[in-house]
Amino acid sequence: MKHIELDGGVSLCELVFGGTKRFDDSACKLQFEMMDRYIELGGNTFDSARSYNGGKSDSYLGTWLRTSGLGRDQVVLTTKGSCPNKETPYVHRLSPQEIQGDLMQSLDQIGTDYTDVHLLHRDDPSLPVGEIMQALDEMVRAGRARAIGCSNWTAARIASANAYARAHGLTPFAVSQVYFSLAQTTPMQANDLTLVTMNDVEFGWYRETQMPVMAFGAMGRGFFHAYAENRPQRERAFYNLDLLPENLRRAQRAVALCRRLGCSLGALLGAYVRDSGLRAAALCSFTKMNQLEDSAAMADVVLTPGQIRYLESGCTDALER
Ligand SMILES: NC(=O)c1ccc[n+]([C@@H]2O[C@H](COP(=O)([O-])OP(=O)(O)OC[C@H]3O[C@@H](n4cnc5c(N)ncnc54)[C@H](OP(=O)(O)O)[C@@H]3O)[C@@H](O)[C@H]2O)c1
């Protein structure tokens, strides 16, 4: 699998193994088997967060790592902190104590001295960026994080934070985790106004700056596969993706292009994220082994600009190029 090089010397795999609420006691054995298989398939990057399963995602990741036989330097770990509490989604947790306390708790739960990338899970755009970047920089200087990133921050806020960091000799964000897939959505549509989803403005900034992206929801949360297999959507469509007619058209084109290229749907969706003009890795989670294998096949698929255009607009003019 290919890798994306971040500032700070961290190398992210093009397919990142996500940690989710599925990472619970009952599904643990299967998740561990999939993590072993992901390594066999050439992957090495695992995502987690303090807020996943009340911190259990971090401790499961640590348990798996200790039993895997792998050295700490053979895997890349991305941790996330500073997510608001569920009951108070608009009350930020971005004080220096909260930022640093969350990271230290993640390290403790995983059982490691450092994370490869520590990301802020949410933003509060009313806060000045200075104190936040200072707190993160202290963690980098203390050797607790090799690089830092953010999630659900707008492009404008990231630009402002990184300009501040560069002007003050602090560590800038090296990567952004953002909802991005072939499907289109908005925070309103996803019923979560604390999310930042990819749109034309955000996309234009990422393309121009080539700021690395970890695209969460890259498999469309199962929307495309349910469409392809003619399975019911409603109770599964977390982001209401099926309610947007453009997404149904995109799903139809994705199925048609898979047939034409002879590739799996998971491979095509992962390749879309990687080949659409950004420096992006597909951040995915799986409930079945065959899903992991289906998506990992993205390593064997390269989409041309003409094929990307077809998926996005239905234009067939440049399908061969
Ligand atoms: N930063 C943030 O705010 C944020 C938010 C959300 C997630 N994340 C991170 O991103 C990761 C992935 O997010 P996600 O789980 O929302 O997105 P996703 O990978 O698009 O969706 C995962 C779901 O899609 C289905 N699926 C995945 N691959 C498939 C395949 N090859 N074939 C058929 N179905 C497949 C499975 O659902 P079924 O088996 O149920 O059909 C699976 O549970 C998370 O684990 C987490 O680490 C970050």
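Does Q210 count as buried or exposed, and how many C-beta neighbours does Q210 have inside 10 Å? In this predicted model, Q210 counts as exposed because 11 C-beta neighbours fall inside 10 Å, and a residue with 12 or fewer is classed that way. Q210 sits in the loop that links α6 (200-209) to β9 (213-216). Its backbone also deserves a look, as phi of Q210 is positive, near 60°, although the residue is not a glycine.

A second loop residue can be described in a similar way. N230 is found between α7 (223-228) and α8, and its phi is positive too, at about 55°, in a residue that is not a glycine. N230 is exposed, because 6 other C-beta atoms lie within 10 Å.

With these loops located, the overall layout can be introduced. The protein is split into domain 1, covering 10-179, and domain 2, covering 219-316. Between the C-alpha centres of domain 1 and domain 2 the distance is 26 Å. Where the two domains meet, domain 1 contributes 17 residues and domain 2 contributes 15 residues. On the side of domain 1 that touches domain 2, at least two residues come from each of β2 (11-13), β3 (15-17) and α1 (28-40). Helix α1 provides the largest share of that side, 4 residues. Sorted by class, the side of domain 1 that touches domain 2 holds 7 nonpolar, 5 polar and 5 charged residues.

The ligand is the next landmark. It is surrounded by 25 residues, and the closest are G18, F216, M219, G222 and G266. Both domains take part, with at least three residues of the shell drawn from each of domain 1 and domain 2. Among the elements, β10 (280-284) and α10 (289-296) each give at least two residues to the shell around the ligand. The greatest contribution is that of α10, with 3 residues. By class, the shell around the ligand consists of 16 polar, 6 nonpolar and 3 charged residues.

Helix α1, already met at the domain contact, can now be followed along its length. The helix has 13 residues and spans 18 Å from its first C-alpha to its last, close to the 18 Å expected at 1.5 Å a residue. Its residues Q31, M34, M35 and Y38 are buried. These buried residues lie on the same side of α1, because they cover an arc of only 105° around the axis. This spacing can be read against a simple rule: an α-helix has 3.6 residues a turn, so residues three or four places apart point the same way. The cover over the buried residues of α1 includes β3, α2 (56-68) and α10. On the face turned away from the buried side, K29 and E40 are exposed. After α1 comes G42, with a positive phi near 105°.

Helix α5 (155-167) offers a second example. This helix has 13 residues and reaches 18 Å from first C-alpha to last, close to the 18 Å expected at 1.5 Å a residue. Buried in α5 are A155, I158, A161, N162 and A165. Those residues line one face of the helix, because they fall within an arc of 125° when viewed down the axis of α5. They pack against α4, β7 (145-151), β8 (173-179) and α6. On the other side of α5, A156, A163 and A167 are exposed. G169 follows α5 and has a positive phi, near 65°.

The packing of α5 against α4 can be seen from a single residue. M133 belongs to helix α4, residues 129-141, and counts as buried because it has 22 C-beta neighbours inside 10 Å. Setting aside neighbours within four places in sequence, M133 is in contact with A161, Y164, A165 and L170. M133 and A165 are 32 residues apart in sequence, yet their C-alpha atoms are 6.5 Å apart in space.

Finally, C263 lies in the loop between α8 (245-261) and α9 (265-275). C263 counts as partly exposed, because it has 18 C-beta neighbours inside 10 Å. Not counting residues up to four places away in sequence, C263 touches C258, L268, A297 and V301. C263 and D300 are separated by 37 residues in sequence and by 8.7 Å in space, C-alpha to C-alpha.

Technical notes. Residues numbered from 1 in each chain as written. Predicted model: local features only at pLDDT ≥ 70, side-chain atom pairs only at ≥ 80, totals over all residues. Domains from an automatic or database assignment. Contact = placed C-beta atoms within 7 Å. Nonpolar A, V, L, I, M, F, W, Y, C, P; charged D, E, K, R; others polar. Near = placed C-beta within 6 Å. Expected span 1.5 Å × (residues − 1). Buried ≥ 20, exposed ≤ 12 C-beta atoms within 10 Å, placed from the backbone. Arc of directions from axis to C-beta.
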